Amino acid sequence: MRSEVYTVAQLLAVRLRTGSGPVDAVRAVCHLARGPVVAELAEAVTWISSGVSAQRAYDKLAEATDEPAAARLYRLLAASSNSGGDIASSLLSVAEDLRLERKQDLARSAVKRRTAMLVPLLLFITPVMILFVAVPLLPMIFGTF
């Protein structure tokens, strides 16, 4: 879900920059894309179509979702429905922040994997290397060549 929020935020920003309104942009993205974030946004569009205010619909989504990145996107959409300002740049900055967070998560995961790869090295290869070094040194230490 976290990796999808980045793409959805960018698609919404593109739609908003081309002149669509916030609800129309969400509706268009819901028709184009698939996934859990898009399904939640489609649910909000259904609520908005039935008469719930856009701010309330997005606030309900932010409260109900388990993903903090998606909740952040929904809160931004709720705030924009109230203010009516240009949120395309805010959506792009949210998308960039999410991309950087994802990149940092991948870097942390890579470090953990590299560390996990050291365990076999230390447990199996190091004793063998010590034996290869120790066997020639023993005769030199004890004086038997």
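Which residues of the largest nonpolar core touch the most other members? I looked this up in a predicted model. Of the 37 residues in that core, Leu-12, Leu-41, Tyr-58, Leu-73 and Leu-91 have the most contacts with other members. I then noted where the core residues come from: α1, α2, α3, α4, α5 and α6 each supply at least two. Helix α5 gives the most, with eight residues.

**Entry: Leu-41**

I followed Leu-41, one of the core residues that touch the most other members. I set aside its neighbours within four places in sequence and listed the residues in contact with Leu-41: Val-8, Val-26, Cys-30, Tyr-58, Leu-61, Tyr-74 and Leu-77. Leu-41 also appears in the contact of α3 with α2, in that of α3 with α1 and in that of α3 with α5. I therefore took these three helix pairs in turn.

**Entry: α2 and α3**

I recorded an angle of about 130° for the packing of α2 and α3, with their axes 9 Å apart. That angle makes α2 oblique to α3, since the range for roughly antiparallel begins over 145 degrees. The crossing of the two helices is left-handed. On the α2 side I found Val-23, Val-26, Arg-27, Val-29 and Cys-30, which meet Val-38, Leu-41, Ala-42, Val-45, Ile-48 and Ser-49 of α3. By class, the residues of this contact divide into nine nonpolar, one polar and one charged.

**Entry: α1 and α3**

Next I examined α1 against α3, which pack at an angle of about 55° with their axes 8 Å apart. This makes α1 oblique to α3. I listed Glu-4, Val-5 and Val-8 from α1, and these meet Pro-36, Val-37, Val-38 and Leu-41 in α3. The contact has six nonpolar, no polar and one charged residues.

**Entry: α3 and α5**

How do α3 and α5 lie to each other, roughly parallel or roughly antiparallel? I found that their axes come within 12 Å and cross at roughly 30°. The two helices are therefore roughly parallel to each other, because the limit for that class is under 35 degrees. The crossing of α3 past α5 is right-handed. Val-37, Glu-40 and Leu-41 of α3 make the contact with Leu-73, Tyr-74 and Leu-77 of α5. I counted by class five nonpolar, no polar and one charged residues here.

**Entry: burial of α2**

I returned to α2, which spans residues 22-32, and asked which of its residues are buried. They are Ala-25, Val-26, Ala-28, Val-29 and Cys-30. Val-26, Val-29 and Cys-30 also take part in the contact with α3. The elements that cover the buried residues of α2 include α1 (2-17), α3 (36-49), α4 (54-64) and α5 (68-83).

**Entry: Pro-127**

Lastly I looked up Pro-127, which lies in helix α6, residues 88-142. Is Pro-127 buried or partly exposed? I noted a relative accessible area of 38%. Pro-127 is therefore partly exposed, as buried requires under 20% and exposed over 50%. I also compared its position with that of Pro-68: the two are 59 residues apart in sequence and 46 Å apart in space, C-alpha to C-alpha.

Notes. Residues numbered from 1 in each chain as written. Predicted model: local features only at pLDDT ≥ 70, side-chain atom pairs only at ≥ 80, totals over all residues. Heavy atoms only, no water. Buried < 20%, exposed > 50% of the residue type's maximum accessible area, 1.4 Å probe, protein only. Helix = DSSP H or I, 4+ residues; strand = E, 2+ residues; numbered from the N terminus. Contact = heavy atoms within 4.5 Å. Axes fitted to C-alpha atoms, helices over the stretch in contact; angles between N-to-C directions. Parallel < 35°, antiparallel > 145°, perpendicular 65-115°, else oblique. Left-handed = near helix turned anticlockwise from the far one by under 90°. Nonpolar A, V, L, I, M, F, W, Y, C, P; charged D, E, K, R; others polar. Core = buried A, V, L, I, M, F, W, Y, C linked by side-chain atoms within 4.5 Å.
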